[in-house]
Amino acid sequence: MVTFLHYMLASAFLFSIGLAIALTKRSAIVALMGVELMLNAANINLVAFNMKNPSLADGHVFAIFVIVIAAAEVCVALALIIKLFQYFKSVDLHQLNQLKEK
């Protein structure tokens, strides 16, 4: 049987992996995937807390809200990555330091 603790551990594990990916990878697209992994970990937390207290439907509503926000975030982030690729001809985040110097 899957308990509340299992959901919390899985969520913490996914969040840790997403955070490590977002902080260490050089590619903007891979960093974006790390952020999405962290958002999915938050969704697991919300649904697990809703499972613990089923009288409130807030966890599911917040999870759907997070999914919608994540979809909008991906659209904006991919548009920014495309523009950065057109300017720098790369998606390497370390090359974006040129924005600070100008």
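How many residues does helix 1 have, and how far does the helix reach from its first C-alpha to its last? In this predicted model, helix 1 covers residues 4-24, which amounts to 21 residues, and spans 30 Å, close to the 30 Å expected at 1.5 Å a residue. With that helix as a starting point, the rest of the chain can be explored step by step.

The overall fold comes next. The protein chain contains four helices and zero strands, and read from the N terminus its elements follow the order α-α-α-α. The C-alpha trace spans about 55 × 25 × 20 Å along its principal axes. The radius of gyration of the protein chain is 17 Å, whereas a compact globule of 102 residues would have a value near 13 Å. Of the 102 residues in the chain, 23% are buried. Contacts can also be sorted by how far apart their partners sit in the sequence: among those between residues at least 6 apart, 53% join residues at least 24 apart.

Helix 1 rewards a second look. Its buried residues are Met8, Ser11 and Gly18. Viewed down the helix axis, these buried residues fall within an arc of 100 degrees, and they therefore line one face of the helix. A general property of helices is useful here. An α-helix has 3.6 residues a turn, so residues three or four places apart point the same way. The buried residues of helix 1 pack against helix 2, while Leu5, Leu9, Phe13 and Thr24 are exposed on the other side of helix 1.

The partner helix can be followed through several of its residues. Alanine 31 belongs to helix 2 and is buried, because its relative accessible area is 11%, under the 20% cut-off for burial. Setting aside residues up to four places away in sequence, alanine 31 touches Ala22 and Leu93. A separation of 14 Å lies between the C-alpha atoms of alanine 31 and glutamine 95, two residues that are 64 residues apart along the chain.

Leucine 37 is also placed in helix 2. With 24% relative accessibility, leucine 37 counts as partly exposed. Beyond its neighbours within four places in sequence, leucine 37 is in contact with Leu14, Ile17, Gly18 and Ile21. One of these partners, isoleucine 17, is 20 residues from leucine 37 along the chain, and their C-alpha atoms are 7.8 Å apart. Gly18, another of the partners, is one of the buried residues of helix 1.

Further along, asparagine 43 sits in helix 2, which comprises residues 28-52. Is asparagine 43 buried or exposed? Its relative accessibility is 9%, so asparagine 43 counts as buried. Apart from residues up to four places away in sequence, asparagine 43 touches Ala63, Val66 and Ile67.

Aromatic rings offer another view of the structure. A pair of aromatic rings is described by the distance of the centres and the angle of the planes. The structure holds two aromatic pairs. In one of them, the ring centres of phenylalanine 4 and phenylalanine 49 are 5.2 Å apart and the planes meet at 65 degrees, so the pair is edge-to-face. Because phenylalanine 4 lies in helix 1 and phenylalanine 49 in helix 2, the pair ties together parts that are 45 residues apart in sequence. Phenylalanine 49 is partly exposed, with a relative accessible area of 46%. The other pair joins tyrosine 87 and phenylalanine 88, whose ring centres are 4.8 Å apart and whose planes are at 85 degrees, so this pair is edge-to-face. Tyrosine 87 is exposed at a relative accessible area of 54%, whereas phenylalanine 88 is buried at 13%. Phenylalanine 4 has a further companion: lysine 52 lies over the face of its ring, at 4.4 Å from the ring centre.

A final detail concerns the backbone. Most residues other than glycine have a negative phi. Lysine 89, although not a glycine, has a positive phi of about 60 degrees. Where is lysine 89 found? Lysine 89 is in the loop between helix 3 (58-88) and helix 4 (98-101). This lysine 89 is exposed, with a relative accessible area of 61%.

Definitions and conventions:
Residues numbered from 1 in each chain as written. Predicted model: local features only at pLDDT ≥ 70, side-chain atom pairs only at ≥ 80, totals over all residues. Heavy atoms only, no water. Helix = DSSP H or I, 4+ residues; strand = E, 2+ residues; numbered from the N terminus. Buried < 20%, exposed > 50% of the residue type's maximum accessible area, 1.4 Å probe, protein only. Contact = heavy atoms within 4.5 Å. Expected span 1.5 Å × (residues − 1). Arc of directions from axis to C-beta. Phe/Tyr/Trp six-rings, centres within 6.5 Å; stacked < 30°, edge-to-face > 60°. Lys NZ or Arg CZ within 6 Å of the ring centre and 35° of its normal. Rg over C-alpha atoms; globule rule 2.2 N^0.38 Å.
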